[in-house]
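Q: Please take a close look at one part of this model, the place where two helices near the start of the chain pack against each other, and describe how they meet and what lies around them.

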Amino acid sequence: MRAARLIKMVLLLQSRPSMTAAELAGELEVSERTVTRDAQALSEAGVPVYADRGRIGGYRLIGGYRTRLTGLARGEAEALFLSGVPGALREMGLEDAASAARLKVSAALLPSLRDASRTAAQRFHLDAPNWFREPTTPELLPAVAEAVWDDRRITARYRRGEDLVERELEPYGLVLKAGVWYLCARVSGHGSFRVYRIDRFAAVGAGGERFERSADFDLPAFWGERAEQFARSLLRAEVVVRLSEEGVRRLPHVVDPPAAREALARAGVVEGAGEWVTVTLPVESEEVAHEQLSALGAEVEVLAPPSLRERFAMGAARLAGLYGV
């Protein structure tokens with residue numbers, strides 16, 4: 001424990017011109033007295049730590065000293081590529097590994113580049129959760145994440161409807177989608193990959209056996225394909241609508257964009273034609289279609305099904321009554 005702290009202290013001093021005892025104590029989570037003892041121990045071990053006395057004094061390395069203890073461990077290197085999503089790292093239990101990796105990189109950089117992490121953080125931030133939704137971290141996420149990083153099989157019990165199902169899984173990758181965590185895994189003994197919501201896991205047991213990861217598996221490509229299949233599976237109904245030129249332009253912004261583009265292409269709609277056009281549009285349900293298409297206002301007329309047309313007519317009559325038209 002102390003050896004790791006001493007190494008971190010050297011890296012901190014290497015990455016900055018100087019640091020006060022209070023700053024080092026805060027970074028190392030120890031007392032200032034412990035910082036003094038650690039600095040003395042480093043000096044006795046041959047590390048040239050120099051203490052400046054006085055109110056604005058502090059500790060610094062002298063003589064251009066550079067430690068060679070900057071090699072990244074595998075876990076640190078993997079976490080470094082995710083360091084732009086601190087919330088996700090924290091939820092997976094990788095925050096400490098990422099912190100150590102960033103510190104090692106900072107210590108290895110030229111002095112003119114040591115503010116790179118700060119300037120990057122000022123220019124980019126990823127806010128993954130959706131609006132108006134309180135994100136929750138699945139309790140079993142750290143255990144699943146550890147198995148993913150280590151390529152170890154897990155035995156998972158998950159909720160499927162009212163039942164609990166148990167499967168032995170080969171966990172390949174994690175996906176954070178709009179604040180919800182998913183596991184992409186292969187069922188042991190089968191060649192198929194599946195997607196599981198981690199918040200539906202009731203129990204996860206990590207075994208000692210590793211699995212051999214398929215070199216052909218591409219997590220982004222797999223997720224993109226499954227996400228598209230899922231979106232298409234939701235579109236189980238059809239509606240027929242007439243759209244104005246403005247309605248054509250806005251349609252992909254109020255319904256599923258790929259479905260809107262395909263429907264417009266099938267109808268042979270030419271953008272900017274200035275004519276009302278009839279389009280057959282796949283939708284999730286009549287209720288969802290009413291909610292989505294209402295955003296187009298007078299730029300859309302529903303032709304079918306009759307029940308949806310009637311719903312729009314009733315809504316228009318209520319609006320007319322409210323506004324005294």
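A: What follows goes through the packing of the two helices, then a salt bridge between them, and then a few local features elsewhere in the chain.

The model is a predicted one, and the two helices in question are helix 1, which covers residues 2-15, and helix 3, which covers residues 32-44. Their axes are 10 Å apart and cross at an angle of about 85°; because angles of 65 to 115 degrees count as roughly perpendicular, helix 1 is described as roughly perpendicular to helix 3. On the side of helix 1, the contact is made by Arg2, Arg5, Leu6, Met9 and Val10, while helix 3 contributes Thr34, Val35, Arg37, Asp38, Ala39, Ala41 and Leu42. Sorted by class, the residues of this contact comprise seven nonpolar, one polar and four charged.

Two of the charged residues deserve a closer view, since the side chains of aspartate 38 and arginine 5 meet in a salt bridge with an N to O distance of 2.7 Å. Aspartate 38 belongs to helix 3 and arginine 5 to helix 1, so this pair ties together parts of the chain that are 33 residues apart in sequence. In the structure as a whole there are 16 salt bridges.

In the loop between helix 2 (21-28) and helix 3 sits glutamate 29, a residue that is not a glycine and yet has a positive phi of about 60°.

Elsewhere in the chain, the peptide bond that runs from alanine 304 to proline 305 is cis, with omega near 0°, and proline 305 is placed in the loop between strand 10 (300-304) and helix 13. Helix 13, residues 306-322, also holds leucine 319, and Leu319 joins Leu322 and Tyr323 in a nonpolar patch on the surface, where the three together have about 410 Å² of accessible area.

How values were computed. Residues numbered from 1 in each chain as written. Predicted model: local features only at pLDDT ≥ 70, side-chain atom pairs only at ≥ 80, totals over all residues. Heavy atoms only, no water. Axes fitted to C-alpha atoms, helices over the stretch in contact; angles between N-to-C directions. Helix = DSSP H or I, 4+ residues; strand = E, 2+ residues; numbered from the N terminus. Parallel < 35°, antiparallel > 145°, perpendicular 65-115°, else oblique. Contact = heavy atoms within 4.5 Å. Nonpolar A, V, L, I, M, F, W, Y, C, P; charged D, E, K, R; others polar. Patch = residues over 30% accessible without salt bridge, like charges linked within 9 Å, V, L, I, M, F, W, Y side chains within 5 Å. Areas by Shrake-Rupley, 256 points an atom, 1.4 Å probe, with all protein chains shown as cover. Salt bridge = Lys/Arg side-chain N within 4 Å of Asp/Glu carboxyl O.
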